[in-house]
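This report is meant for a reader who is meeting the structure for the first time. Please keep the sequence and the 3D view at hand while reading.

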Amino acid sequence: MAGQKITLHFAHANGFPAGSYQEIFNRLPEHWNIIAKPQFGHEPHLPVGRNWQNQVQELLDYVALNSRDAPVYLVGHSFGAVISFMAACTEPHRFSGLILIDPPLITGPGTLLLRGAKHTGYINKLTPARLAEFRKHSWEKDSDLVAYFRQKALFANMQEACIRDYVNAATALQENRIRLTFDPLVEANIFRNIPHNLNRFKNKLACPGLLITGQQSNVCKPAHWQRFIKMNPMQHTSLPGGHMLPLEHPQVVAAKLEQTISRWAQQPVNRSPVHPPAAPASHG
């Protein structure tokens with residue numbers, strides 16, 4: 001519906017500040033109100049902790065402060081997808097739609113392994129936490145960081161404009177050197193606290209949902225997302241790219257976001273969470 005007021009909050013992947021997704025934002029309708037917390041996990045009063053609950057609160061606080069009098073749709077990538085899902089389940093009447101892009105989903109038997117790993121160094125093998133903690137975080141002021149990151153495996157398939165947006169969002173000149181603005185220890189702690197409690201949100205989603213996975217993703221695999229959407233009924237589609245598909249194919253992702261949210265905006269929203277049938281009353 002042309003001109004309809006819509007607010008979209010985009011939650012970034014771990015270590016990729018919101019400005020990294022500018023190529024997507026540029027392709028969404030001009031009349032949409034696009035809001036995005038620049039980076040999660042850096043609020044002193046909401047440090048990264050158990051199951052990302054403080055980051056869910058960060059999201060809810062940011063949306064409350066920055067959303068206009070319009071339907072709010074949540075979109076998130078990876079880490080940002082998971083906290084968006086938990087936020088939508090926590091305050092179900094606040095949101096009109098949810099789009100998850102290749103989230104790391106640990107449900108079912110895997111939650112026991114993950115919970116145990118958090119109490120040992122094994123979490124550093126299950127996640128990239130240790131690599132994040134000790135990543136290079138400063139460079140000479142005249143360094144070509146677009147060229148530097150382009151040679152990294154994670155960035156290999158990203159569009160150069162997206163790498164440039166990432167460099168602009170994630171680094172700044174400080175004390176005559178270029179330094180990361182996203183604290184590597186925060187990034188590591190986010191990995192170390194990946195939620196093992198997603199089962200508790202079963203059937204609590206009250207708005208339309210879409211799960212987008214990358215066709216070449218090594219993170220959100222069919223065994224993961226199929227179990228998840230049985231617990232949380234929503235649509236699923238796959239798009240070209242790996243786990244970083246929003247920065248590999250921003251045009252395709254933006255088109256899917258616009259198509260989906262525009263369709264939802266024209267439909268009445270049923271805000272009643274899906275619940276399984278009640279068990280017969282016991283008279284014994």
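Leaving aside its neighbours within four places in sequence, which residues is asparagine 197 in contact with? The model is a predicted one, and in it asparagine 197 is in contact with Asn51 and Gln53 once those sequence neighbours are set aside. Asparagine 197 is found in the loop between helix H9 (184–192) and strand E8 (209–214), and with a relative accessible area of 14% it is buried.

**Two asparagines with positive phi**

Asparagine 51, one of the two contacts of asparagine 197, lies in the loop between E2 and H2. Although asparagine 51 is not a glycine, its phi is positive, at about 55°, and its relative accessibility of 4% makes it count as buried. A positive phi, near 65°, also appears at asparagine 203, again a residue other than glycine. Asparagine 203 is found in the loop between H9 and E8, and at 8% relative accessibility this residue counts as buried.

**Helices H2 and H3**

Gln53, the other contact named for asparagine 197, leads on to a pair of helices. The axes of helix H2 (residues 53–66) and helix H3 (residues 79–90) come within 9 Å and cross at roughly 75°. Because angles from 65 to 115 degrees count as roughly perpendicular, H2 and H3 are described as roughly perpendicular to each other. On the H2 side the contact is made by Gln53, Gln55, Val56, Leu59 and Leu60, while H3 contributes Phe79, Ile83, Ser84, Met86, Ala87 and Thr90.

**Histidine 9 in strand E1**

Histidine 9 is found in strand E1 (residues 7–11). Is histidine 9 buried or exposed? With a relative accessible area of 0%, histidine 9 is buried. Leaving aside neighbours within four places in sequence, its contacts are Ile35, Ala36, Lys37, Phe40, Leu59, Tyr62, Val63, Tyr73, Leu74 and Val75. The C-alpha atoms of histidine 9 and serine 84 are separated by 9.0 Å, although these two residues are 75 residues apart along the chain. Serine 84 is also among the H3 residues that make the contact with H2, and Leu59, which histidine 9 touches, is among the H2 residues in that contact.

**Salt bridges**

How many salt bridges does the structure hold? The structure holds 10 salt bridges, and three of them are set out here.

| Salt bridge | N to O distance |
|---|---|
| Lysine 37 and glutamate 58 | 3.5 Å |
| Arginine 177 and glutamate 140 | 3.2 Å |
| Glutamate 160 and arginine 150 | 3.1 Å |

In the salt bridge between lysine 37 and glutamate 58, lysine 37 lies in the loop between strand E2 (33–35) and H2 and glutamate 58 lies in helix H2, so the pair ties together parts that are 21 residues apart in sequence. Both of these residues, lysine 37 and glutamate 58, are buried. Lys37 and Glu58 are also linked with Glu43 in a network of salt bridges, and Lys37 appears once more among the contacts of histidine 9.

The side chains of arginine 177 and glutamate 140 meet in a salt bridge of their own. Arginine 177 lies in strand E7 (residues 177–180) and glutamate 140 in strand E5 (residues 138–140), so this pair ties together parts that are 37 residues apart in sequence. Arginine 177 counts as partly exposed at 23% relative accessibility, and glutamate 140 counts as partly exposed at 48%.

Glutamate 160 forms a salt bridge with arginine 150. This pair links distant parts of the chain, with glutamate 160 in helix H8 (residues 160–170) and arginine 150 in helix H7 (residues 145–150), 10 residues apart. Glutamate 160 counts as partly exposed at 38% relative accessibility, and arginine 150 counts as partly exposed at 37%.

**A nonpolar patch at the surface**

Which residues make the nonpolar surface patch of about 270 Å²? This patch is made by Leu113, Tyr122 and Leu126. Leucine 126 lies in helix H5 (residues 123–126), and because its relative accessibility is 37%, leucine 126 counts as partly exposed.

Terms used. Residues are numbered from 1 along each chain as its sequence is written. This is a predicted model: local features need pLDDT of at least 70, side-chain atom pairs count only at pLDDT 80 or more; totals for chains, interfaces and linings use all residues. Side-chain values use heavy atoms; hydrogens and water are left out. Patches are made of residues with over 30% relative accessible area and no salt bridge: like charges are joined within 9 Å, nonpolar side chains (Val, Leu, Ile, Met, Phe, Trp, Tyr) within 5 Å. Accessible areas come from the Shrake-Rupley method with a 1.4 Å probe; for residues, only the protein chains shown count as cover. A salt bridge is a side-chain nitrogen of Lys or Arg within 4 Å of a carboxyl oxygen of Asp or Glu. Helices (H or I, at least four residues) and strands (E, at least two) are DSSP runs, numbered from the N terminus. Buried means under 20% relative accessible area, exposed over 50%, partly exposed in between (1.4 Å probe, protein chains only). Axes are lines fitted to C-alpha atoms, for helices over the stretch in contact, and angles run from 0 to 180 degrees between N-to-C directions. Angles under 35 degrees count as roughly parallel, over 145 as roughly antiparallel, 65 to 115 as roughly perpendicular and the rest as oblique. Contact means heavy atoms within 4.5 Å.
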